[in-house]
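Reader: Hello! Could you take me through a close look at one part of this model, and then show me how the rest of the chain surrounds it?

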Amino acid sequence: MLDSLGTLQRTHYCGNLCAADDGKEVVLMGWVHKRRDLGNLIFIDLRDRSGLAQIVFNKEQHAAAHARAEELRSEFVVAITGRVVKRQKANPDLASGEVEIIAGELRILNTAKTPPFVVEDELTANEETRLRYRYLDLRRTKPRQNLALRHRVILEIRKAMDEMGFYEIETPMLTRSTPEGARDYLVPSRVHPGQFYALPQSPQIFKQILMIGGMDRYFQIVKCFRDEDLRADRQPEFTQLDLEMSFPTQDAVFGVIENVMVRACAVAGITVKGPFRRLEYKDAIRRYGSDKPDLRFGMVLHDVTAHFAAARETLHIEGNVQALAAPGAAAFSRKQLDEIAEKAKSLGARGVYWVKVADAGVSSPLEKNLGAETLKQIAAAAEAKPGDLVVAVSAKEQILGTDAAALIAGQLRLLLAEQLKLVPADRWEFLWITGFALFEWSPTDKCVVSAQHPFTGIVEEDVPKLEDASDEVRLSMRSKGYDLVLNGVELGSGSIRIHQQEVQDRVFKALGLSEEQRRNRFGFFLDALTYGTPPHGGIALGLDRVTALLAGEKSIREVIAFPKTAKAQDLMADAPSDVDTDQLEMLGIQLKPIEKK
């Protein structure tokens, strides 16, 4: 028989009890974590969101409470009244390990079925089971800690933004569809049959309109939605810190974000200092083969194309050759070298070459093609030391000059760093990437598209190039965009925006939008730009990514209360789902038969 809570009120959280509470009468509430029956003594570990406390039911002292405790099983919900006493032997693994509670009264508030997995930190259940029973998974320590950290980080961000004069302003969740790369989630309107709202991919246009409206400094902790193709660590709905400023320099935006990130890291016990390092996009690709390089270790790339000149035809080399020196990897076995080669080829490499460096000299299968002296020159160019392995890759140049070899070498750099354990877990390296191109080539669409989005500002000297129809010319245009990177993870993108209507319209035109399309999709925004728009700029940071990094998690799903799977499904709520025919008829929607995969 279950008990009533009545007027009983909790006095303490389990994990907050300490030696200073010795002798206090307390009321605790939570879940039975574990139960140990020793006859006259029954011990339970009581769990709430703060942690565990050990409860003792003594038959000789409190027979009624002891008898009730015999009914307890894991995950029962209980309220306990008792007295705090110091333990004879403290448990250093518990925050409340110096004390225990001698129970005087026990109320069983609810029972529980046997859970599909044991609620404990060392979990063996797979992710699908965890997400299907997310309410049980959330009772574990790590998920609770992650969500608590997320709360504190967001709270600190709000404090920082307020202190810097930003207004938190909400923008619409129901807006019009303006497809920009990713697909919109569409919401049918019952009141306007046949018409649809879209859930926002970002508040981009609205935050720019807030600058036109004179709000000067805006921010928002905002939900965004993108119906993207499936990726391992993406969510269809995600949370970002979105901000915009009027009359900013790029340095001003950087200063705001550096202040925010220093404070957010401090919440997690991590000390970082500004200003953050900066690197031009072209230099990031040249040195690290990535536009989001991890700076916690070395292994920079070196162009060794010139050293392969004598064997380009023999080795079928078409593009550049990029090399790096992996410290201590000269001891790699032939199997390990073959695995590196296979990985490089799976990434698109045409050729993979290696040189082992030792005190006595260098060795490589390339010696018959290049000669020993050239091998020494390659090792020197890659800044290799005795014991190092030089790995070099060649690749066919991709369209319009992209250095494919550098991009492949950049991915090998990360793979080798992980294998060689070169990445220090306690190092935090922020980096601003600047100097992005305005446009990029889309292999899918076979045309030039915005590298970031069509509202990104243009370096003034390049604005006249908008009228040039040549892809090569447009791809040479420079933007006022920037990215923030932490430990090789892109946290977010921003830019100084276009604030002149005439320039914005020309960008839309350069992207192939007809006048009708420009007016239909962006007419209200183009009109707004004609009413005295100030220069403005901002950025959006992925808070899921930020929190995951600070929590030491590899997946953003671990810091989201109710995440979707990699297939964009909510296994707990069974969404997405079919809807009733009546609902569809009310909305004027008729579904075509869809062959289910």
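Author: Happily. Let's begin with C14, which is buried in this predicted model: its relative accessible area is 0%. A disulfide is a covalent bond between the sulfur atoms of two cysteines. The structure contains 0 disulfides, and C14 takes part in none, its nearest cysteine sulfur being that of C18, 14 Å away. Looking from the other side, C18 is in no disulfide either, and the nearest cysteine sulfur to it is that of C14, at 14 Å. Since a disulfide needs its two sulfur atoms within 2.5 Å, a separation of 14 Å rules out a bond between C14 and C18 here. The surroundings of the two cysteines can be put side by side: C14 has a relative accessible area of 0% and is buried, while C18, at 30%, is partly exposed.

Now let's step back to the chain that holds them. It has 597 residues, 47% of which count as buried, and C14 is among the buried ones. The chain is built with 16 helices and 22 strands. Measured out along the principal axes, its C-alpha atoms fill a box of roughly 90 × 75 × 55 Å. Of the contacts between residues at least 6 apart in sequence, 66% join residues at least 24 apart. On the outside, the chain exposes about 30,600 Å², and carbon and sulfur atoms supply 50% of that area. As for charge, there are 78 positive and 84 negative charges, and their mean positions lie 3 Å apart.

C14 is not alone in being buried, and two polar residues are worth a visit. One is N58, in strand β3 (residues 51-58). With a relative accessible area of 15%, N58 falls under the 20% limit and so counts as buried. Leaving out neighbours within four places in sequence, N58 is in contact with N40, L41, A63 and H66. A little further along the chain comes E71, 13 residues from N58, and the C-alpha atoms of this pair are 15 Å apart.

The other is E156, which belongs to helix α4 (residues 141-163). Its relative accessibility is 19%, so E156 also counts as buried, though just under the 20% limit. Beyond residues up to four places away in sequence, E156 touches R263 and V267.

For a whole element with many buried residues, turn to helix α11, which covers residues 404-419. At 1.5 Å a residue, its 16 residues should span 22 Å, and the end C-alpha atoms are 23 Å apart, so expectation and model agree. Its buried residues are A404, A405, A406, I408, A409, G410, L412, R413, L416 and A417. R413 is therefore a buried arginine in that list, with a relative accessible area under 20%. These buried residues pack against two helices, α7 (281-288) and α8 (334-346), and two strands, β13 (321-326) and β16 (389-394). After α11 comes K421, whose phi is positive, near 55°.

K421 brings us to backbone angles. D216 has a positive phi too, near 70°, in a residue other than glycine. You'll find D216 in the loop between α5 (204-212) and β9 (217-225), where it is partly exposed at a relative accessible area of 35%. D574 also has a positive phi, near 55°. This aspartate lies in the loop between α15 and α16, and its relative accessible area of 57% makes it exposed.

The loop of D574 has another feature to look at: the peptide bond from A575 to P576 is cis, with omega near 0°. P576 sits in the loop between α15 (543-551) and α16 (581-587). A cis bond is also found from G274 to P275, with omega near -5°. P275 is in the loop between α6 (250-267) and β11 (277-280).

Back at our starting point, then: C14 is buried at 0%, C18 is partly exposed at 30%, and the structure has 0 disulfides.

Notes
Residues numbered from 1 in each chain as written. Predicted model: local features only at pLDDT ≥ 70, side-chain atom pairs only at ≥ 80, totals over all residues. Heavy atoms only, no water. Helix = DSSP H or I, 4+ residues; strand = E, 2+ residues; numbered from the N terminus. Expected span 1.5 Å × (residues − 1). Buried < 20%, exposed > 50% of the residue type's maximum accessible area, 1.4 Å probe, protein only. Contact = heavy atoms within 4.5 Å. Areas by Shrake-Rupley, 256 points an atom, 1.4 Å probe, with all protein chains shown as cover. Lys, Arg positive; Asp, Glu negative; His and termini not counted. Charge placed at Lys NZ, Arg CZ, Asp CG, Glu CD.
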